[in-house]
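Q: Please take a close look at one helix of this structure. I should like to follow its length, its surroundings and one of its residues in turn.

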Amino acid sequence: MYSIVSTAIIRGITSLPVKVEADVSNGLPLFEMVGFLASEVKEARERVRTALRNCGFSLPAKRITVNLSPAGIRKTGSAFDLPVAVAVLAALGVVAVDRLDSLLIIGEIGLDGSIHPADGILPVVADAAARGFCCCMIPCGNRQEAGMIKNVKMIAVGHLNEVVDYLNGRKTPDTIPQADTAYTDTAWDDAYDRACPGASSGGQDLPDFSQVNGMRLLRRAGEIAAAGMHNFLMIGPPGAGKTMVARRIPAILPPVCEQERLEIARIYSVSGLFSGGCGIQERPFRSPHHTVTPQGLVGGGTVPKPGEISLAHKGVLFLDELAEFSKSTLELLRQPMEDREIHLSRSLGSCTYPADFMLVAAMNPCPCGAYPDMNRCHCTQSALDRYLGRISQPLLDRIDICVQTPQLTFTELTARTENESSSAIRRRVCAAWKRQKDRNETGGIYFNSRIPADRLRQLCGLTEQEEKYLQNIYQQIRLTARSYYKILRVARTIADLAGSDRVCTEHLAEAVCYRGLDRTYWERW
């Protein structure tokens, strides 16, 4: 007999349809699996054989052939176990085949017949709905992420015997309630309403800016960076509060809208990190160690997996001790910071992962941390050059805001003042986000940091006075074209925070202040 079962394989954050064909015929007893299979897929033969025996189903002394089609795509992962088992049972006549036509099945099987969770369930069921499947059978352990998808019925199963009972009509399946929310761009307005006015940080226990004494410039720069999703670099001695401020930036970012939540959930699902909604209640905050490999940062592997830049999608990527990262690793950030996505090509195929993140970085000014105080700095010129030389000018040009963080004085550190809370800052950031969205919605641009160069003058509304001011600045501090446009984008964000429809000279002057440190540290040689 012959049977066919529908399943899928993950490629990037999407899925490709796969057909599992099973044929049982006379011949030498053999259980064979074909179809360009990785080792873990080939091992499904023994897992399925043992699970069927332990569930009371004996395989006949016949030739059993299982083919995973299309044969040109390499099959990886352990989620083919359940569709293979169902296809074999259908070919043996144990289960009815009439329910398999519009059913997609995915899951890993234990030797006792239990069905274990699988990675990438979310994109599989989301794409199944788009391909016309009316029902998906998934492991019980994947209920939560599958419940985010609407327009498709989902059956959660925990044991192979439950699958057989359902397919033979002997048991009512345990269905998962469908999501009620449509994932549209307009859902961002709901997220804005949740945050303004008076909302806290999404109900999560995030560090609060009210715990930060002093550092007015650093707090202001962090607010501007969050308001326009600008890349942000802090330079200062150890203990100056750089990491403390960086870890509080997620608390002032607006909550994710439903469309963004689904995008983030897809990435975490294929990475195997979707646990209890982790990473989708608030915007992600990723902080890899400076020893991270290039593959760990941007993604990769024989079968490409998302890296830290994709796990930080729609959130914050914090690189502490920036100059301690390998220069070759840092240079890999340049293309994703421009394109907001990363393209990975490997021998087994290529895929694209989203990487729309806000870069927040912190570093010491020199290996000992005391420069430019030459009374305390003991670094040689060559050591200083090597240290700062790990950060190239093209990478610096992609950082919108650069701030020096001096050491706190004793008075600032011990002051008993009531500092502004994250919720108060968040309200201003939310208002600035809404101004940007309302102004740029027709062009599909939601943040000032994403405004293309050819639209900047139109959206900034500069007068002749502001044009002349920028001309003088361009010549005085020898800006590159990219740096010039960065100043305009930051000034547009400062104007949005001030509630101004046009960019004025004071907004430009403040934006220019955030571009001077690269000359102090990198152009002095």
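A: A residue is called buried when its relative accessible area is under 20%, and exposed when that area is over 50%. The model examined here is predicted. The part chosen is helix α10, which covers residues 258-270.

Length comes first. At 1.5 Å a residue, the 13 residues of α10 should span 18 Å. The C-alpha atoms at the two ends of α10 are 19 Å apart, which agrees with that expectation.

The surroundings of the helix come next. Within α10, the buried residues are Glu258, Glu260, Arg261, Leu262, Ile264, Ala265, Arg266, Ile267, Tyr268, Ser269 and Val270. Because 11 of the 13 residues of α10 are buried, the helix is largely enclosed by the rest of the structure.

One of these residues may serve as an example. Ser269 belongs to helix α10. Its relative accessibility is 2%, so Ser269 counts as buried, the limit being under 20%. Leaving aside residues up to four places away in sequence, Ser269 touches Asp119, Gly120, Ile121, Leu122, Pro123, Glu145 and Phe274.

Finally, there is the stretch of chain that follows the helix. Just after α10, Gly272 adopts a positive phi of about 75°.

In summary, the end-to-end distance of α10 agrees with the expected span, the helix is largely enclosed by the rest of the structure, and Gly272 with its positive phi comes just after α10.

Terms used
Residues numbered from 1 in each chain as written. Predicted model: local features only at pLDDT ≥ 70, side-chain atom pairs only at ≥ 80, totals over all residues. Heavy atoms only, no water. Helix = DSSP H or I, 4+ residues; strand = E, 2+ residues; numbered from the N terminus. Expected span 1.5 Å × (residues − 1). Buried < 20%, exposed > 50% of the residue type's maximum accessible area, 1.4 Å probe, protein only. Contact = heavy atoms within 4.5 Å.
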